[in-house]
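Q: Could you take one close look at a single part of this model and then place that part in its surroundings? Please keep the terms explicit, with their cut-offs.

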Amino acid sequence: MTRHLTEFLRHLRLNRNASAHTVRAYESDLTQFLQHVATEAGVTRGALVPAALSRGAIRSFLAAVHAAGGSRATAARKLAAVRTFLRYLRRETVI
């Protein structure tokens, strides 16, 4: 998944003309998401398979954000990043 994340961030910069700040925010949020899913699955982030990015994984991640004291706005921003990343993966026929 690390390679897919790198390609997605490149896509944001080049094709969507996202600002450096936006790309950094996406990178941070998605790194946290992928790390959470990998930890739950008992694998490294690099060994994570696309099938692990399920609805349950997203809900678990958002629950962890909430449990850590994240605000609703923080959870919404992280969810928006995850949704955009998953749409990208679907468009690239990874999932």
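**Histidine 36 and its surroundings**

A: Leaving aside its neighbours within four places in sequence, histidine 36 is in contact with Ala57, Ser60, Phe61 and Ala64, where contact means heavy atoms within 4.5 Å. The model is predicted, so local features need pLDDT of at least 70 and side-chain atom pairs count only at pLDDT 80 or more, while totals for chains, interfaces and linings use all residues. Residues are numbered from 1 along each chain as its sequence is written, and side-chain values use heavy atoms, with hydrogens and water left out.

Histidine 36 is found in helix 2; helices here are DSSP runs of H or I with at least four residues, numbered from the N terminus. Its relative accessibility is 15%, so histidine 36 counts as buried, a word that means under 20% relative accessible area, with exposed over 50% and partly exposed in between, for a 1.4 Å probe and protein chains only.

The wider setting is the largest nonpolar core, which has 26 residues; such a core is a set of buried Ala, Val, Leu, Ile, Met, Phe, Trp, Tyr and Cys residues joined through side-chain atoms within 4.5 Å. Phe8, Leu30, Phe33, Leu34, Leu53 and Phe85 touch the most other members. Two or more residues of this core come from each of helix 1 (2–14), helix 2 (20–41), helix 3 (55–67) and helix 4 (72–91). Phenylalanine 85, again without its neighbours within four places in sequence, is in contact with Met1, His4, Leu5, Phe8, Leu30, Leu34 and Leu53.

Phenylalanine 85 also takes part where helix 1 meets helix 4: His4, Leu5, Glu7, Phe8 and His11 face Thr84, Phe85, Tyr88, Leu89 and Arg91 there. By class, this contact has 5 nonpolar, 3 polar and 2 charged residues, with Ala, Val, Leu, Ile, Met, Phe, Trp, Tyr, Cys and Pro counted as nonpolar, Asp, Glu, Lys and Arg as charged, and the others, Gly among them, as polar. The two helices pack at an angle of about 100°, with their axes 11 Å apart, and are therefore roughly perpendicular to each other.

In contrast to the buried histidine 36, asparagine 17 is exposed, with a relative accessible area of 67%. Asparagine 17 lies in the loop between helix 1 and helix 2, and its phi is near 55°, a positive value in a residue other than glycine.

Definitions and conventions. Axes fitted to C-alpha atoms, helices over the stretch in contact; angles between N-to-C directions. Parallel < 35°, antiparallel > 145°, perpendicular 65-115°, else oblique.
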